[in-house]
Amino acid sequence: MQNRIKEHRERLGLSQGRLAELCNVSRQTINAIENDKYDPSLQLAFDLAQTLGLSMEQCFIPKGRNK
């Protein structure tokens with residue numbers, strides 16, 4: 001799964017650390033998600049989308065689809 005977390009996080013002026021705090025995970029987890037090294041759990045995906053004020057479809061893209 002690909003994601004647009006970094007793009008939306010930066011648009012809101014949030015650091016990885018702040019987004020991590022808001023979602024109750026480590027900064028390293030956010031970094032790994034943004035770099036496509038880790039697919040978040042369904043709950044974390046929902047938390048990320050909600051925190052960023054987006055739908056799941058705006059945050060996550062199945063592999064093989066264009067961004």
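What covers the buried residues of α3? That was my starting point today, and the list I got includes β1 (2-3), α1 (5-11), α2 and α4. Note to self: this is a predicted model.

**Whole chain**

I stepped back to get my bearings. I found five helices and two strands in the protein. Reading from the N terminus, I wrote the order down as β-α-α-α-α-α-β. Next I looked up the radius of gyration: 11 Å, close to the 11 Å that the globule rule gives for 67 residues, so the protein is as compact as a globular protein of that length. I also boxed the C-alpha atoms along the principal axes, and they fill roughly 30 × 20 × 20 Å.

**Inside and outside**

I checked burial for the 67 residues, and 34% of them are buried. For the surface, I got about 4300 Å² exposed, with 44% of that coming from carbon and sulfur atoms. Then I turned to contacts between residues at least 6 apart in sequence: 57% of these join residues at least 24 apart.

**Back to α3**

Helix α3 covers residues 27-34. Which of its residues are buried? I noted I30, A32, I33 and E34. So much for the list; the cover, to repeat, includes pieces of β1, α1, α2 and α4.

I picked T29 in α3 for a closer look. Leaving out residues up to four places away in sequence, T29 touches Y38 and L44. I also took the distance from T29 to P40: they sit eleven residues apart along the chain, and their C-alpha atoms are separated by 8.5 Å.

After α3 comes D36, and I jotted down its phi, which is positive, near 55°.

**α2 against α4**

Two of the helices covering α3 are α2 and α4, and I wanted to know how they meet. Helix α2 is residues 16-23 and helix α4 is residues 42-52; their axes come within 10 Å and cross at roughly 115°. The crossing is right-handed. Which residues make the contact? From α2 I listed L19, L22 and C23, and from α4 L44, D47, L48, T51 and L52. Sorted by class, that contact has six nonpolar residues, one polar and one charged.

One link I liked: L44 of α4 is in that contact with α2, and L44 is also touched by T29 of α3.

Note on methods. Residues are numbered from 1 along each chain as its sequence is written. This is a predicted model: local features need pLDDT of at least 70, side-chain atom pairs count only at pLDDT 80 or more; totals for chains, interfaces and linings use all residues. Side-chain values use heavy atoms; hydrogens and water are left out. Axes are lines fitted to C-alpha atoms, for helices over the stretch in contact, and angles run from 0 to 180 degrees between N-to-C directions. Helices (H or I, at least four residues) and strands (E, at least two) are DSSP runs, numbered from the N terminus. A crossing is left-handed if the near helix is turned anticlockwise from the far one by less than a right angle, and right-handed if clockwise. Contact means heavy atoms within 4.5 Å. Ala, Val, Leu, Ile, Met, Phe, Trp, Tyr, Cys and Pro count as nonpolar, Asp, Glu, Lys and Arg as charged, and the others, Gly among them, as polar. The radius of gyration is taken over C-alpha atoms; the globule rule is 2.2 Å times the number of residues to the power 0.38. Buried means under 20% relative accessible area, exposed over 50%, partly exposed in between (1.4 Å probe, protein chains only). Accessible areas come from the Shrake-Rupley method with a 1.4 Å probe; for residues, only the protein chains shown count as cover.
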